[in-house]
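Please open the structure in the viewer and keep the selection panel at hand. The tour proceeds by selections, each followed by a description of what is there.

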Amino acid sequence: MQAWIPAGLAVALLGAILFVTPATAACSDVAGAADHPQVPRYEDSCLIGYDSRAFAAFDLPTGKAMKRDGAWTGETAERLEGAAFRLLYVAPEGRSPLEVFENYRAALGERGFDILFACAGKDCGSNEAMGRQIVYPAERRLDSSGDLSRYAFSGLKDEHYLAARSQDGAVWLGLYVAQNDFKRFPETYLRAIAHLDVIEVAPMEQRMLDAAGMAEALGETGRVAIGNVYFDFAQATLKPESAEALTEMARLLADNPTLQVYIVGHTDNVGSYEA
């Protein structure tokens with residue numbers, strides 16, 4: 001027998017159903033990460049991987065991936081030096097890599113970037129080499145979110161890549177978007193993943209002080225700023241490139257055994273005050 005339900009009650013029941021259905025949990029950015037001011041994010045994406053360096057050298061691919069002398073590289077590439085940023089986003093469920101990629105391309109065009117090279121699929125190189133061998137090989141994986149970010153491009157497919165440059169030549173970037181096909185992590189499985197390399201081109205700051213220079217500064221002002229002591233992002237682990245500065249600091253203390261110093265470390269300007 002077919003039951004008749006008054007219209008008002010049907011609306012009420014529908015409202016109840018909508019009310020009790022659990023909403024999809026929103027993802028959140030990894031602690032300490034931030035968008036690059038020159039590049040907006042795709043709406044409702046989450047930043048799951050991040051790294052920034054005050055100075056680095058990077059070969060930005062401006063052509064398809066190819067193997068040369070046993071190493072993978074871009075058919076053409078631009079050697080860049082300056083402040084370097086890497087950002088790894090996971091797009092909302094149901095958004096294709098093409099849709100995410102074309103939104104980025106349009107946004108970059110609106111901000112005055114010139115697209116130097118763009119490709120999709122096999123035009124980027126055989127066997128997803130652009131992503132697997134150049135953009136996100138094992139040695140370049142971001143571990144900000146642990147295995148979630150490390151394996152963000154495992155089982156990837158439907159790849160897209162572009163290289164772009166600001167009109168004044170001060171900012172260069174590489175954008176890679178592909179779909180993750182790795183079932184282990186439901187947070188990224190079958191999602192479009194976007195990876196950004198952003199280089200703010202600038203010469204390296206000459207900030208090296210030897211032991212004698214440190215002693216002179218301490219004698220004149222009572223303090224000295226050492227600008228080339230580097231740590232892993234969001235950690236207290238010293239980077240190998242800090243070795244020269246630390247050696248000179250040790251020499252200063254060895255040469256002046258009665259010297260007493262107070263050491264203060266400063267962070268970068270990424271993240272909240274609490275972080």
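The stops below go from the whole chain to the cores, the aromatic rings, the salt bridges and a surface patch.

**The whole chain**

Begin with the entire chain, bearing in mind that this is a predicted model. The protein chain has 6 helices and 8 strands. Read from the N terminus, these elements follow the order α-β-β-β-β-α-β-α-α-β-β-β-α-α. Of the 275 residues in the protein chain, 37% are buried. Among contacts with a separation of 6 or more, 66% are between residues 24 or more positions apart. With a surface display switched on, the exposed area is about 16600 Å², of which carbon and sulfur atoms supply 52%.

**The nonpolar cores**

Next, select Ile 48, Leu 60, Leu 88, Met 130, Phe 153, Tyr 161 and Tyr 176, the residues with the most contacts inside the largest nonpolar core, which has 31 residues. Two or more residues of this core come from each of β1 (46-61), β4 (77-90), β5 (113-120), α3 (129-135), β6, β7 and β8. Which element gives the largest share? Strand β1 does, with 5 residues.

Now centre the view on Tyr 176. Beyond its neighbours within four places in sequence, Tyr 176 is in contact with Met 130, Gly 131, Val 135, Phe 153, Leu 156, Glu 159, His 160, Tyr 161, Ile 193, Ala 194 and His 195. Another core, of 26 residues, lies apart from the largest one; select Val 30, Phe 85, Tyr 104 and Phe 113 as some of its members.

**The aromatic pairs**

The model holds 5 aromatic pairs. Select Tyr 151 and Phe 182: their ring centres are 6.0 Å apart and the planes stand at 55°, so this pair is tilted. Tyr 151 is in the loop between α4 (147-150) and β6 (157-166), while Phe 182 is in the loop between β7 (171-179) and β8 (192-201); the pair thus links distant parts of the chain, 31 residues apart. Are these two residues buried or partly exposed? Tyr 151 is partly exposed, at 27% relative accessibility, and Phe 182 is also partly exposed, at 26%.

Move to Phe 153 and Tyr 176. This aromatic pair is edge-to-face, with 5.2 Å from centre to centre and 75° between the planes. Phe 153 sits in the loop between α4 and β6 and Tyr 176 in strand β7, so that distant parts of the chain, 23 residues apart, are linked. Because buried means under 20% relative accessible area, Phe 153 at 6% counts as buried, as does Tyr 176 at 0%. Add Tyr 136 to the selection: ring pairs link Tyr 136, Phe 153 and Tyr 176 into a cluster.

**The salt bridges**

There are 12 salt bridges in the model. Select Arg 53 and Asp 51, whose side chains meet in one of them at 2.9 Å, N to O. Arg 53 is partly exposed, with a relative accessible area of 35%, whereas Asp 51 is buried at 14%.

Continue to Glu 128 and Arg 132. The closest N and O atoms of this salt bridge are 3.7 Å apart. Here Glu 128 is partly exposed at 23% relative accessibility, and Arg 132 is partly exposed at 32%.

Then select Arg 251 and Glu 248, which form a salt bridge of 2.5 Å, N to O. Both residues lie in helix α6, 3 residues apart, about one turn of the helix. Arg 251 is partly exposed, with a relative accessible area of 38%, and Glu 248 is buried, with 13%. To end this stop, select Asp 29, Asp 35 and Arg 41, which are joined into one network by salt bridges that share partners.

**The surface patch**

Finally, select Leu 253, Leu 259, Val 261 and Ile 263. Together these residues form a nonpolar patch on the surface, with about 340 Å² of accessible area. What is the location of Val 261 relative to α6 (243-255)? Val 261 lies in the segment after that helix. Val 261 is partly exposed, with a relative accessible area of 41%.

Note on methods:
Residues numbered from 1 in each chain as written. Predicted model: local features only at pLDDT ≥ 70, side-chain atom pairs only at ≥ 80, totals over all residues. Heavy atoms only, no water. Phe/Tyr/Trp six-rings, centres within 6.5 Å; stacked < 30°, edge-to-face > 60°. Helix = DSSP H or I, 4+ residues; strand = E, 2+ residues; numbered from the N terminus. Buried < 20%, exposed > 50% of the residue type's maximum accessible area, 1.4 Å probe, protein only. Contact = heavy atoms within 4.5 Å. Areas by Shrake-Rupley, 256 points an atom, 1.4 Å probe, with all protein chains shown as cover. Patch = residues over 30% accessible without salt bridge, like charges linked within 9 Å, V, L, I, M, F, W, Y side chains within 5 Å. Salt bridge = Lys/Arg side-chain N within 4 Å of Asp/Glu carboxyl O. Core = buried A, V, L, I, M, F, W, Y, C linked by side-chain atoms within 4.5 Å.
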